[in-house]
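Me: I'd like a close look at just one part of this model, the ligand site. Please walk me through what surrounds the ligand and what touches it.

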Amino acid sequence: MELQDWYKEAGISEKVYDFCSKIEAGLKERFEAIDRTAEYNQMKVLRAMQKHKVSAGCFESSTGYGYDDLGRETLEDVYASVFETESALVRPQLTCGTHALTVALSANLRPGDELLSPVGKPYDTLEGVIGIGDNAAPGSLKEFGVVYRQVDLKEDGSFDFEGIREALNDRTKLVTIQRSKGYATRPTLSVARIGELISFIKSIRPDVICMVDNCYGEFVERIEPTQVGADMCVGSLIKNPGGGLAPIGGYIVGRQDLIDMCAYRLTAPGLGKEVGATLGLNRSFFQGFFMAPCVAASALKGAIFAANIYERLGFQVVPNSTESRHDIIQAVTLGSAEGVIAFCKGIQSGSPVDSHVAPEPYAMPGYHSDVIMAAGAFVQGSSIELSADGPIEPPYAVYFQGGLTWYHAKFGIMMSVQYMENEHLLSL
Ligand SMILES: *Cc1c(COP(=O)(O)O)cnc(C)c1O
């Protein structure tokens, strides 16, 4: 069977195949640049693993208290090397990105302290954690007397330096900077821009803690925010750095004193990093981190491929087809409920898991409207695997990300085009 026959057998028409192939042919240079970044980051991770003498003994499991877990301690050394930090906390007990961020914040803030976001409103789940506006969840930082301030980005996406200068005061203890736009419309920040922002903040208040929410950004560039002045960087292992193999977990890397506080908060004061069984997960954490540079590259290629296809078809895409990338998220405005549903059904039908089930819109807590989600993932909720979701409300945009291999991302996106074409929602 020829390659194209496989696509045909999977339901891709010749018209869709030809259209997508032409787009792909035009992306050669960009894909080569992505491969060079992946190669650079692969060497970074590989050399860190060699430096810290990763060995078969690191893959052994611990239970109970988990004292003297060689794998856990070595993995944390490897993360610290890759992010060029003094210390790291990489644990299955950090249950998700939101939890890792919650630990980093609550470990280092005290009643009366102020927390500042100089880049606008943070990711949705953080609203409840911090207690922004009326959205405080029980146990929020607000309940503990932490005051939140926010300075929005300017209309053109630039930093409001004057506003930030005014917001910084004697009580400002920690500044939180979100790298990815997440599911908002502002631009994603490059590591260089994060560096500029941190330099500005430190020129006014050298002692303020600068924390970066690094979710979806790892290995997209050659440097990470901790290399441009961030005191702490936080992320999820079911996104980029888990490489699709970590089944759970989060990481916090940064200054020794700050990470120690995080460990005391995660486990208990006095216990800190000494406890925390790894329950047989060390091997997948190591192997996933080893794969992560190439997996992030695959996801990035998928995002760029989709941006070019849907932009050519006349839809609005963010980022656009030619912009430089600083995270793996792609938004496509499809303009109708039918479009969002067909897109997600296409992605789902292209998945390795649950390809035979059709996603349907449903009501979800925290959303105003029904939401449709496509996820045929090996790890539940994993968004480094090809996944898409969209609220059924104007402007009818879908957000998608991931793809453990470029070929799967490519196929999933072709399936989304095919489903839209079958429903006459686009014309090739
Ligand atoms: C995904 C994400 C989070 C939260 O991570 P979860 O694992 O979903 O809890 C926080 N911030 C950003 C920017 C994210 O993309």
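**Around the ligand**

Reply: Going along the chain, the ligand's neighbours (a heavy atom within 4 Å of it) are Cys96, Gly97, Thr98, Leu101, Tyr123, Gln178, Asp213, Cys215, Tyr216, Ser236 and Lys239. Bear in mind that this is a predicted model, where local features need pLDDT of at least 70 and side-chain atom pairs count only at pLDDT 80 or more, while totals for chains, interfaces and linings use all residues. Numbering starts from 1 along each chain as its sequence is written, and side-chain values use heavy atoms, with hydrogens and water left out.

That shell splits into 5 nonpolar, 4 polar and 2 charged residues (Tyr and Cys count as nonpolar here, Gly as polar). The charged pair is Asp213 and Lys239. Helix H5, residues 97-108, puts in the most, with 3 residues (helices are DSSP runs of H or I, at least four residues, numbered from the N terminus). Gly97, Thr98 and Leu101 are the ones from that helix.

Now for the polar contacts (pairs of N or O atoms within 3.5 Å). Asp213 has a polar side-chain atom 2.6 Å from a ligand nitrogen. Lys239 also uses its side chain, with a polar atom 2.9 Å from a ligand oxygen. At Gly97, a polar backbone atom sits 2.8 Å from an oxygen of the ligand. As for cover, the ligand on its own has 380 Å² of accessible area, and the protein covers 90% of that (Shrake-Rupley, 1.4 Å probe).

Technical notes
A polar contact is a pair of N or O atoms within 3.5 Å; within protein, one must be able to donate a hydrogen and the other to accept it, and residues adjacent in sequence count only if both atoms are side-chain atoms. Helices (H or I, at least four residues) and strands (E, at least two) are DSSP runs, numbered from the N terminus.
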